[in-house]
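Work through the exercises below with the sequence and the model at hand. Each task is followed by a solution in steps.

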Amino acid sequence: MFDFSIISKWFHDLLTGFIPEWLVIGIECVIVLLFIILLYAILAIALIYLERKICAFFQCRIGPNRVGKWGLLQVFADVFKMLSKEIIKMRQSDRLLHDMAPFFILAASFLTFACIPWNKGLEILDFNVGLFFFIAVSGIGVIGILLAGWASHSKYPMIGAMRSGAQLISYELSIGMTMLTMLLLCGTMQLSEIVQQQADYGWNIIRGHVPAVLAFIIYLIAGNAECNRGPFDLPEAESELTAGYHTEYSGMGFGFFYLAEYLNLFICGAMAATIFLGGWAPLYFPGWDGFNTIMGYIPGFIWFFGKAFFVVFLLMWIRWTYPRLRIDQLLSLEWKYLMPISMFNIILMALVVCFGLTL
Amino acid sequence: MNDKTYFGGILDAVKSLTIGLKTSIKVFFEHHETEQYPENRATLTFTDRNRFCLEMPHNEKNEHKCIACGLCQMACPNDSITVTSETVTTEDGKKKKQLVKYEYNIGQCMFCNLCVTACPQGAILFNQEFEQAVFDKSKLIKVLNHPGSKCQERPKPVVSPKPAATPATANEAPKASLSHVDTAPAPKTETADKTEPIETKKED
Amino acid sequence: MTLELKTIAPSELHAEMLRLKTERKMDFLVNLIGMDWGEEGLGVIYMLESTETGETVNLKTITDDRQNPYIPTVSDLWQIANIYEREVYDFFGIIFLNHPDMRRIFLREDWVGYPLRKDDRTELLNKLRMTDVPLSDTTKEYFLTPDGKITEKTNTVWKGDEYVVNVGPQHPSTHGVLHMRASLDGEVVKKVGLVLGYIHRGVEKISENLTYPQLLALTDRLDYFSAMQNRHALCMCIEKALEMEVSPRVQYIRTIMDELQRVASHLVYYACMAMDTGALTAFFYTFREREEICKIFEDNFGGRVIQNYNTIGGVMYDIQPDFVEEVKKVSANIRKRFHEYQDIFTGNVIAQNRMVGVGTISREDAISLGTTGPVGRASGWNNDVRRRHPYALYDKVEFKDIIRTEGDTNARHWNRMEEILESLNIIDQLIDNIPAGEYQAKRKPIIKLPEGSFYQAVESSRGELGVFIESKGDKTPYRVHYRSSSLPLANAMDTACRGQKFADLIAIGASMDFVIPDIDR
């Protein structure tokens, strides 16, 4: 497996050869920032296009097909439309908070985005409490949603924001619980280390068998809820609250929410891939040497994106199948079902690890 | 759902959700229903019952069948037809009405087919040209008689089948009775009545 | 065949109504029609029916005071009278004494005059306004003091501290431009109020200036998912007045088309129900099948939604040669696909939890609210017009009464789903036996109805749709009134939604399946 850190180290050494180290780090930060923004934009475009096509296919439709071949340029057209739209200011809204809200959401998704290990040696933020950091920064998004709902001075966004607050805080527990479960298996919070372990000993979902699969399912449900996507799209609930917390946003203000929603979807998929499906680690079967060698030739980031998009497809499939839950059902699903099951699951995983029953 | 146990409920729920996923993924790979207009223009089929725009057929000598009786104008619930006529004296000294202008406002039309069924001559019919979008509202008012056209000479008013519509599909019965009843006195009585609907209809 | 109307003086009206309701069990107020009889005065026609015995009683009451017409309310006896009386107040200016909520319902609150009065100068008095009037939160109640004076008091509908959310007129789930005001307590709905009239076109007023054949064009635009049945009702009403017989072939065609329309309508209902509860994919499943029915409609009448098919004494065109075959194909396809609808949406646990036990309407409420159709039948009230007053071929075909007693969203949903299958059964019984014959009876060129009042109801996709025509023997009707099947359903929202969650309000609204142009007429 190709280690990307060779390149980054070579680049770092090259620069430190003739400029001071603080400047090198500065330059590297800028490059990394550009890389993140670029990747963010590309992924958002790809995801929006994917979502529209997949949703269309589920609904016996073709989906976008007018702008460009197979509608490939549709998303660009949408972005240009959004950019050219007037930004409407509400008379009684809290302007500062109203304008700030999308950036909170964007910041949350950028920060979580930075945690993801793309390839061996290709991580941006990688430190020993990576998983903890991930859970912590993903919580910032709630503030954005609450602010958006509050500052809009409108009833639908207000209801949407309140629902969102209740929902995100509840489901964050499940996410934390499932991650704890996997933590028991891995014994480390460092994301690169988690993936490295999986490359060495096999994917967590296989290694941890029953409790890992359970945790994976719970993670998918809770992750879907964290992304505010159907059947948990209550904060938006277009048939009830028109557009929920971002009803009063126009132009790029709405665009940021829209982007963040899709990026959160990807981050959810990417995290599932990292923790459960082995991240950039290829699929190895012990004993199948020929097969393993071929798998080994496929670059790690392709493995990573493949897995992440597979999870994304799963989430889309769920979204385009089920009706929306009601707020009380949503909360009872979390507190009566997911929470107890994930608590039980932690104990199960602890027992499995303790008695060495991992595969 | 209260009669189920906690775990039984979970099992049932998971089962029903799986059925849902199965159904949707099946349709995912099925044929898409989308019809792509305008690419499918060639394959669009219409019967002569589709009513898209009123038309007054003219023959190769630029003659139509309209005798300017105004029955269609009277039958129209929306005032979308305006028949302008003039009275001319023929060679044998009889006074005769002649069509000057047959205006039809498609923007007001409800496509109820009453004008076509009211016409004793079968002079108007609905065609199947559906692309009627225009940029200017005034273009919705169409003059149906071609410039320089005149009424087809007929020895007698006869019950003729409508052009383009097959006898089986055209609504012959009321029309036949109409033309029999109204043939002789029609032009006079209808001109007297003609102002009436315009007065009584207040709605737009 | 005219309607027999017993005249009662306004002063005795309430006592007589109470007697009818308690002694003769006239628990269903079918219709409440405002009338302007010109010289005779203003009045109201009441049409009552007993759900137990099936008897009907028709009454009218007249007040000759055109300046201050007062008639006692019956809204305390039948809940539906509340909204009917507001409609009459709006259009005729008749003030109902003791009615708790005498506000305009369809027209703007600053409207001048009463447009359905024969002497009203609507266009002169109401210039196009470019400003908006805020909806008032208070209402007036008029009542008679013991010394015989009319006094008024102010009732508060919406308190200042209530969290009132406007659902509509622009809202994704009100299926048009219905405006509901919902008072919320957190997520719980405390009260729902209706603001109607956003697409009121005054069909009843326009009709007074149109000849009978011209009237027909408007019915398709009332409840556009029951276009066929609406027009069937009006045609039957005119035929009844003219004592005109239609051929068996026409009866067969009309019955089959009515049922096809019902299937199409219920398929749209399913789609809307799914969409309102957030299952967007299920929406497309039934639209796929509805498309095939629409294709049949298009081939046979040239219209998909606005069909213009029934005419006085027949139908516009004969059926196409391949009609029978196509209908059988569609029928088979819907039966084949039917399980998919349940698999993807209703079968699953989320939809079940959203529907079972939500928005319950009791049988008494359903009758009192006049919620006919599948909604009433979900509450255990067998109100099928096809059974109560058979028309066309419904006394010859066999069909099952689909009745549930739960009265919740789930029951309403399943009633409609089963009605799809039942309608297909009716079609199957008829489709092979369409007799030969003419499709249009002979009729006079100018149609004049004899003097009198005529009423004909059909079972539209949403319940009882009635057409009332009062004729003075002219080419044009003196008064036309449509008993909307959707207005009682929208009115029942308040009863069904109280204490439910806000998300349920949308689901209940979808399960009521009202069509706004039918409410607003």
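**Exercise 1. Packing of two helices**

Determine how helix α5 (residues 212-219) of chain C is oriented relative to helix α6 (residues 227-242) of chain C in this predicted model.

Solution. Start with the axes: those of α5(C) and α6(C) come within 8 Å and cross at roughly 160°. Angles over 145 degrees count as roughly antiparallel, so α5(C) is roughly antiparallel to α6(C). The crossing of α5(C) past α6(C) is right-handed.

Next, list the residues that make the contact. From α5(C) these are C:Y212, C:L215, C:L216 and C:T219. The α6(C) side supplies C:N230, C:R231, C:L234, C:C235 and C:I238. Sorted by class, the residues of this contact are six nonpolar, two polar and one charged.

**Exercise 2. The surroundings of C:T61**

Is C:T61 buried or exposed, and which residues does C:T61 touch?

Solution. First place the residue: C:T61 belongs to strand β4 of chain C, which covers residues 56-63. Then count neighbours: 25 other C-beta atoms lie within 10 Å of C:T61. The cut-off for a buried residue is 20 or more, so C:T61 is buried.

Leaving out residues up to four places away in sequence, the contacts of C:T61 are C:I8, C:A9, C:P10, C:L13, C:G43, C:V44 and C:I71.

As a last step, compare sequence and space for the pair C:T61 and C:G380. The two are 319 residues apart in sequence, and their C-alpha atoms are 32 Å apart.

**Exercise 3. The fold of chain A as a whole**

What is the radius of gyration of chain A, and what value would a compact globule have?

Solution. Take the secondary structure as a starting point: chain A has 15 helices and zero strands. For 359 residues, a compact globule would have a radius of gyration near 21 Å; the value for chain A is 21 Å, so the two agree. The C-alpha trace of chain A spans about 65 × 60 × 40 Å along its principal axes.

Turn then to the interior. Of the 359 residues in chain A, 47% are buried. Among contacts in chain A with a separation of 6 or more, 79% are between residues 24 or more positions apart.

**Exercise 4. Chain A against chain B**

How many residues do chain A and chain B each bring to their contact?

Solution. Chain A contributes ten residues and chain B eleven residues. On the side of chain A that touches chain B, eight residues are nonpolar, one is polar and one is charged.

Conventions:
Residues numbered from 1 in each chain as written. Chains lettered and ligands numbered in written order. Predicted model: local features only at pLDDT ≥ 70, side-chain atom pairs only at ≥ 80, totals over all residues. Axes fitted to C-alpha atoms, helices over the stretch in contact; angles between N-to-C directions. Helix = DSSP H or I, 4+ residues; strand = E, 2+ residues; numbered from the N terminus. Parallel < 35°, antiparallel > 145°, perpendicular 65-115°, else oblique. Left-handed = near helix turned anticlockwise from the far one by under 90°. Contact = placed C-beta atoms within 7 Å. Nonpolar A, V, L, I, M, F, W, Y, C, P; charged D, E, K, R; others polar. Rg over C-alpha atoms; globule rule 2.2 N^0.38 Å. Buried ≥ 20, exposed ≤ 12 C-beta atoms within 10 Å, placed from the backbone.
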